[in-house]
Structures are given as C-alpha cells and as structure tokens.
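I opened this notebook to record what I looked up in one structure. The entries follow the order of my queries.

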Amino acid sequence: LQKLEGHTNGVNSVAFSQDGSLLASASRDRTIRLWDPSTGQEVQKLDGHTHTVDTVAFSQDGSLLASASADGTIRLRDPSTGQQVQKYEAISGVHTVSFSGHILMTNKGSLPIDSRLINARSSEVASVNIYLDNSGWIRGVNGNLLWLPQEYRTGHSAFHGNTLAIGLHSGQVTFFRFKS
C-alpha cells in the first residue's frame, strides 16, 4: 500500500497509534519519524537521541510517544507537536516500551509517568493494578506482592489487568495472576 522513505539507516521498530492515524518508526539513524499511513507522507522527524533508537510506542490515547535509545535515554513526547515532555536517563539496554496507565513498562522494569501528563488526558486508560519495578519486585497499589529471582527478570514481560506474563531465556513463558 505504501513505501515510506526517509530514514538513512535501518529501522528497528514501528508502532501505530491506537486510532491508526499515525505510524512511528525508530531508526539506527538516531531519529524517529511520524508518518500518515493513509498518504505515506512524513508528518514529523523527531531528533534528540544521540545513538540508535531501538523502540517506540504510543500511549493508549495517542497523546504520548515513548522512545528508547542505545544512548541510555527514554523520552516521552507529544506526537502532535514533537515536544519532549519527560526524559529518563541512565537506563541502558531498553528494547521494549509500552504504556500501562500511569506506568511506562520496559524490558528493564517499570517507570512512573509524570502524573501531570496522564491527568491532563481524560481518555487515558485507568492505571495498572500491578507492575514490575527495577529491583525485581512485583508491586501492587498496597506494596510488594512478589519478589522475582534473577532468572525471571529477563526483561520480556507483559501485563494485562492483574496478570503478568514473562518470557524466559529457556523458551518458556510463565504467567502470574494476582487477586485484587
């Protein structure tokens, strides 16, 4: 349907906004490009990372775009303006990012999103009930729920409600479900 050209090096990640009106692409050329998938036209080129951009993801309502780079930063931007609204530093090896309410999930753990960015967006999905922190704890709203041994902290995890799935180096996928 479309051939989108503009990056000067390989593309590492692509993500559609929830409504399909934007496509983000992350590249080894240190840029993120936003595209209109219906026309194939580039909407914006986002600079700022100083190394390969490994992954991108939109928030559920499309009001935030997260990008993680080999430069050790994760940046949140407003995709309508390209303006950076939050930056996390000194986090290396992040290859996956996703939004879960007020938490940014990564393969290195979870990061809190500035509440002013979430509260100002009435259509944002309600906050997640559980999350995995950087020290290996699965935490709920009332504190620690479960500490994961190192072999379960491989970084490939997904949350849905109160269920956590973890992909292990052994090839297994382990599920944990927590009561409310």
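Entry 1. Before searching for salt bridges, I fixed the criterion: a side-chain nitrogen of Lys or Arg has to lie within 4 Å of a carboxyl oxygen of Asp or Glu. I note that the model is a predicted one. With that criterion, I searched the whole structure and obtained 3 salt bridges.

Entry 2. I then looked up the pairs. Glu 42 is bridged to Arg 33, with 2.8 Å between the closest N and O atoms. I checked how far each partner is covered: Arg 33 counts as buried at 8% relative accessibility, whereas Glu 42 is partly exposed at 33%.

Entry 3. Lys 87 pairs with Glu 89, and here the closest N and O atoms are 3.7 Å apart. This distance still qualifies because the cut-off is 4 Å. For Lys 87 I found a relative accessible area of 34%, which is partly exposed; Glu 89 is exposed, with 55%.

Entry 4. Asp 114 forms a salt bridge with Arg 116, and their closest N and O atoms are 2.5 Å apart. Arg 116 is exposed, its relative accessible area being 64%. As a general remark, side chains of opposite charge can pair when their charged atoms come close.

Entry 5. I turned to the chain as a whole. I counted 1 helix and 17 strands in its secondary structure. The chain has 180 residues, and 47% of them count as buried. Its accessible surface is about 9600 Å², and carbon and sulfur atoms account for 48% of that area. Considering contacts between residues at least 6 apart in sequence, I found that 36% join residues at least 24 apart.

Entry 6. Which residues have the most contacts inside the largest nonpolar core? I found Ile 74, Leu 76, Tyr 88, Val 97, Phe 99, Leu 104 and Ile 113, in a core of 16 residues. At least two residues of this core come from each of β6 (65-69), β7 (74-77), β9 (97-100) and α1 (115-119). Apart from this core lies another, of 11 residues, including Ala 15, Leu 22, Ala 24 and Ala 26. In soluble globular proteins, nonpolar side chains tend to be buried together.

Entry 7. I examined the surroundings of Phe 99, leaving aside its neighbours within four places in sequence. Its contacts include Leu 76, Leu 104 and Ile 113, which are also listed among the core residues with the most contacts. Phe 99 further touches Ala 57, Phe 58, Ser 59, Gln 60, Leu 64, Leu 65 and Ala 66.

Technical notes. Residues numbered from 1 in each chain as written. Predicted model: local features only at pLDDT ≥ 70, side-chain atom pairs only at ≥ 80, totals over all residues. Heavy atoms only, no water. Helix = DSSP H or I, 4+ residues; strand = E, 2+ residues; numbered from the N terminus. Buried < 20%, exposed > 50% of the residue type's maximum accessible area, 1.4 Å probe, protein only. Contact = heavy atoms within 4.5 Å. Areas by Shrake-Rupley, 256 points an atom, 1.4 Å probe, with all protein chains shown as cover. Core = buried A, V, L, I, M, F, W, Y, C linked by side-chain atoms within 4.5 Å.
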